[in-house]
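Please examine the sequence and the structure shown here before reading the report that follows.

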Amino acid sequence: MARRERTTALPRPRPRKRAASERRVFGIFTNDRLQRFGIIGGAIALLLVIAGVLAYRVYDERIGRPGSAVLTVNGQEFSLSYYADRLGPFLRANAGSGVSPTILEEQLLNKMESEAVALDLAREKGIALGRDDVEAFIASQLGVDRKAPSFDTLYRNQLRTLAMSDSNYRRLKQAELANAKLLEEQVTAAGETGEQITLRTIIVATEDDANQLKARVLAGEDLGTLAQTNSLDIEARQKDGLMPPEPIELLPENVGKAAEGKNPGDFLGPVEVQGNWWIFRIDKREPTAFSQAQKDQLSATRLTSLVDERRDELRLAGKIERSLSASDVKWAEGRVS
């Protein structure tokens with residue numbers, strides 16, 4: 001008799017009947033309710049993304065970008081906001097110069113760099129540049145005592161006129177104070193008298209003209225007489241080419257270099273000065289009292305030399321960084337009132 005196979009009595013799983021509204025999306029069963037939740041969730045996620053983008057733009061526009069450093073000098077950071085506050089007054093001050101705004105924008109960054117180097121020098125010399133010192137300097141410029149009731153009103157009016165923030169204005173005035181104190185030091189160092197050089201010159205338009213006139217002087221013709229009829233300097237030609245005595249530092253650079261170490265009676269040139277050509281004789285080298293204008297010029301020239309030397313040192317040490325982009329300049333231009 002054939003043996004019957006034994007089977008278990010366990011029921012086999014039956015396929016679940018799905019509602020008519022269910023269907024597959026990317027292999028996953030879904031229905032209208034799940035789709036609605038998905039749409040709502042997607043919309044919320046999209047709104048969050050949009051809100052995040054808008055929030056970032058607001059942050060970047062009002063905090064991130066304005067606070068980004070466009071210039072760093074030996075640890076001093078200068079923000080795009082500071083540059084933008086300086087740009088309007090700088091453009092207005094140079095409106096009649098004929099220089100294009102693009103060049104002026106670069107010149108402003110150069111000026112800020114020089115100011116930062118001067119600040120570095122002033123701090124090294126121990127010059128006081130604290131909040132009280134800066135406020136007293138501002139008050140002196142406004143013509144009032146800083147503790148006078150009118151100081152605050154005049155100060156706020158100045159900020160509104162310049163469209164500048166309080167912190168940026170104080171930073172500007174700190175740079176001006178440093179420069180003023182350094183200039184005072186240079187005026188004192190210059191003293192009241194110093195060696196000055198008196199030149200007798202002929203200034204002409206071309207090197208060939210200068211060489212021809214030089215040959216005539218060397219052949220025996222009088223330099224003063226030739227200056228009367230040939231020199232482009234109207235004031236000097238009326239004095240036979242004689243120029244007022246000047247410290248060698250205040251002579252045109254090429255003339256000063258040519259005259260360095262030379263003696264009265266030496267005939268020099270031609271040298272080029274701003275597109276013209278000079279031939280000249282040293283008439284005198286002697287100690288002479290400086291005029292106030294000469295003292296001011298000497299102090300400014302010497303301070304410029306000090307700043308240039310320090311700038312070169314900092315650049316070689318990699319302590320000057322500039323990061324002003326075209327988009328930064330455009331941002332700053334949009335805030336010029």
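Is R322 buried, partly exposed or exposed? With a relative accessibility of 32%, R322 counts as partly exposed; buried means under 20% relative accessible area, exposed over 50%, and partly exposed in between, with a 1.4 Å probe and protein chains only. The model is predicted: local features need pLDDT of at least 70, side-chain atom pairs count only at pLDDT 80 or more, and totals for chains, interfaces and linings use all residues. Residues are numbered from 1 along each chain as its sequence is written, and side-chain values use heavy atoms, with hydrogens and water left out.

**Salt bridges**

Side chains of opposite charge can pair when their charged atoms come close. A salt bridge is defined here as a side-chain nitrogen of Lys or Arg within 4 Å of a carboxyl oxygen of Asp or Glu. By this rule the structure has 24 salt bridges. Three of the pairs are listed below.

| Pair | Closest N to O distance |
|---|---|
| E106 and R322 | 3.0 Å |
| R281 and D283 | 3.5 Å |
| E313 and R310 | 3.3 Å |

The salt bridge of E106 with R322 links distant parts of the chain, since E106 belongs to helix α3 (residues 101-124) and R322 to strand β8 (residues 320-322), 216 residues apart. Helices (H or I, at least four residues) and strands (E, at least two) are DSSP runs, numbered from the N terminus. E106 is partly exposed, at 40% relative accessible area. Both E106 and R322 also belong to a network of salt bridges that includes E113, D308, R311 and R315.

In the second pair, R281 is partly exposed at 25%, and D283 is partly exposed at 25%. The third pair lies in helix α11 (residues 292-316): because E313 and R310 are three residues apart there, about one helical turn separates them. E313 is partly exposed at 49%, whereas R310 is buried at 11%.

**A three-stranded sheet**

Strands of a sheet pair through backbone hydrogen bonds, either parallel or antiparallel. Here, three strands form an open sheet in the order β4-β3-β8, with antiparallel pairing. β4 (76-79) and β8 stand at the edges with a single partner strand each, so one side of each has no neighbour in the sheet. Two strands pair if DSSP finds at least two bridges between them; β3 (residues 69-73) and β8 pair over three bridges. Within this region, V73 stands opposite I320 in β8.

**Backbone features**

Most residues other than glycine have a negative phi, and most peptide bonds are trans. N74, in the loop between β3 and β4, has a positive phi near 50°. D240, in the loop between α9 (234-237) and α10 (253-259), has a positive phi near 55°. N74 is partly exposed at 31%, and D240 is partly exposed at 29%. A cis peptide bond joins G269 and P270, with omega of about 5°; P270 is in strand β6 (residues 267-273).

**The lining of the cavity**

Which helix gives the largest share of the lining of the largest cavity? Helix α2 (residues 80-93) supplies five residues of this lining. The lining divides into five nonpolar, two polar and three charged residues.

Note on methods: Ala, Val, Leu, Ile, Met, Phe, Trp, Tyr, Cys and Pro count as nonpolar, Asp, Glu, Lys and Arg as charged, and the others, Gly among them, as polar.
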